Amino acid sequence: MDVGRLFDNVTALAGVRGAWLLDAGSVVHVRPAQSDLLAGLADRTRPHVRALFAAADAAAPGSDDAVLRFEHGCALVRRTGSYVLVVVTQDDSALNAVRMVTNLLLRNLTPESVASLNPPPAPPPAPEEPADRPKRAPRMYRGQPY
Amino acid sequence: MTDRELHDCLDGLADVQAWARCDALGEVIRRGGPGDARFAGAAPVLLHQATEIGRAMGLGTLRDLELHGEVHVMCLPSDDGALLVEAGSRGALTPVTRLLAMAA
């Protein structure tokens, strides 16, 4: 299954501002992909997400789903294996729908499918051929070209 | 609603396994329910990390934090620490949310 499309299904839900995926503590994917702002947020919150689950595990292992409600929005943080998915929403009205859609996404996360989320960068373009220079008349030496 | 009334209401909710009011260091001040509040000691760290996540995202102050897994936990920051409620199901936390909204 195309994990990229499943990711799109999450971010297409009403009220969803963005989502990102962490693997072993590092940011592996951000949607919308071109959002530098979201990538920065993902990176800044990364250690806190890790510490949150570490504290939860210390109390009682097995908490893989966290809902954080704030004054101006919500964050749904879900964990499966080494992957942690963070979805930011405008409020908690969309959380049930987000949970359903992310169930499918989390079930399909494998090293191969995650690798396909970030295609390798395109090779750099070949250097352009220099423009054809105007042909010069051959050099002559004693009436003969050389 | 007074604290005592709130605690009585929490005791009366179905499927609530434990509740605890903790200070800022996670020490339990008051507790109720048939089970142990396992997350009480972790409450300060959980709330701190959640607060930092909200701050980094620019989402304002933390209202509450829910953790779901083998145990379903709701953790609410308060002026003097936190209130923690542990339930046996996700749905059991819904009346807790309503109750706390009334108490606020």
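The radius of gyration used here is taken over C-alpha atoms, and the rule for a globule is 2.2 Å times the number of residues to the power 0.38. Keep that rule in mind for chain A of this predicted model. A compact globule of 146 residues would have a radius of gyration near 15 Å. Chain A has 26 Å. The box tells a related story: the C-alpha atoms of chain A fill roughly 95 × 30 × 30 Å along the principal axes. Of the 146 residues of chain A, 31% count as buried.

Next, walk along the chain. Chain A holds 4 helices and 7 strands. Their order along the sequence is α-β-β-α-β-β-β-α-α-β-β. Now look at contacts in chain A with a separation of 6 or more. Residues 24 or more positions apart account for 49% of them.

Now bring in chain B. The contact between the chains takes 26 residues from chain A and 26 residues from chain B. On the chain B side, α2 (43-57) and β3 (62-68) each supply at least two residues. The largest share, 9 residues, comes from α2(B). By class, this side of chain B has 13 nonpolar, 7 polar and 6 charged residues.

Strands also link the two chains. Strand β3 of chain A, residues 65-70, pairs with β3(B) in the antiparallel sense over 6 bridges. For one position to find in the model, take F70(A), which stands opposite L62(B) in β3(B).

That pairing belongs to an open sheet of 10 strands. Trace the order: β2(A)-β1(A)-β5(A)-β4(A)-β3(A)-β3(B)-β4(B)-β5(B)-β1(B)-β2(B). The pairing is antiparallel. At the edges are β2 (26-31) of chain A and β2 (28-32) of chain B, and each pairs on one side only. From one strand to the next, the twist averages 15°.

Zoom in on the chain B part of the sheet. Strands β1 (residues 16-23) and β5 (residues 81-87) of chain B run antiparallel and are joined by 7 bridges. There, R21(B) has L83(B) in β5(B) as its bridge partner.

Finally, turn to the helices. Helix α2 of chain A, residues 36-59, lies across β1 (16-23), β2, β3, β4 (73-80) and β5 (83-89) of chain A. This helix also lies across β3 of chain B, and runs at about 125° to β2(A). Helix α2(B) lies across β3, β4 and β5 of chain A together with β1, β3, β4 (72-78) and β5 of chain B. The angle of α2(B) to β3(B) is about 120°.

Technical notes. Residues numbered from 1 in each chain as written. Chains lettered and ligands numbered in written order. Predicted model: local features only at pLDDT ≥ 70, side-chain atom pairs only at ≥ 80, totals over all residues. Contact = placed C-beta atoms within 7 Å. Nonpolar A, V, L, I, M, F, W, Y, C, P; charged D, E, K, R; others polar. Pairing = 2+ DSSP bridges. Axes fitted to C-alpha atoms, helices over the stretch in contact; angles between N-to-C directions. Buried ≥ 20, exposed ≤ 12 C-beta atoms within 10 Å, placed from the backbone.
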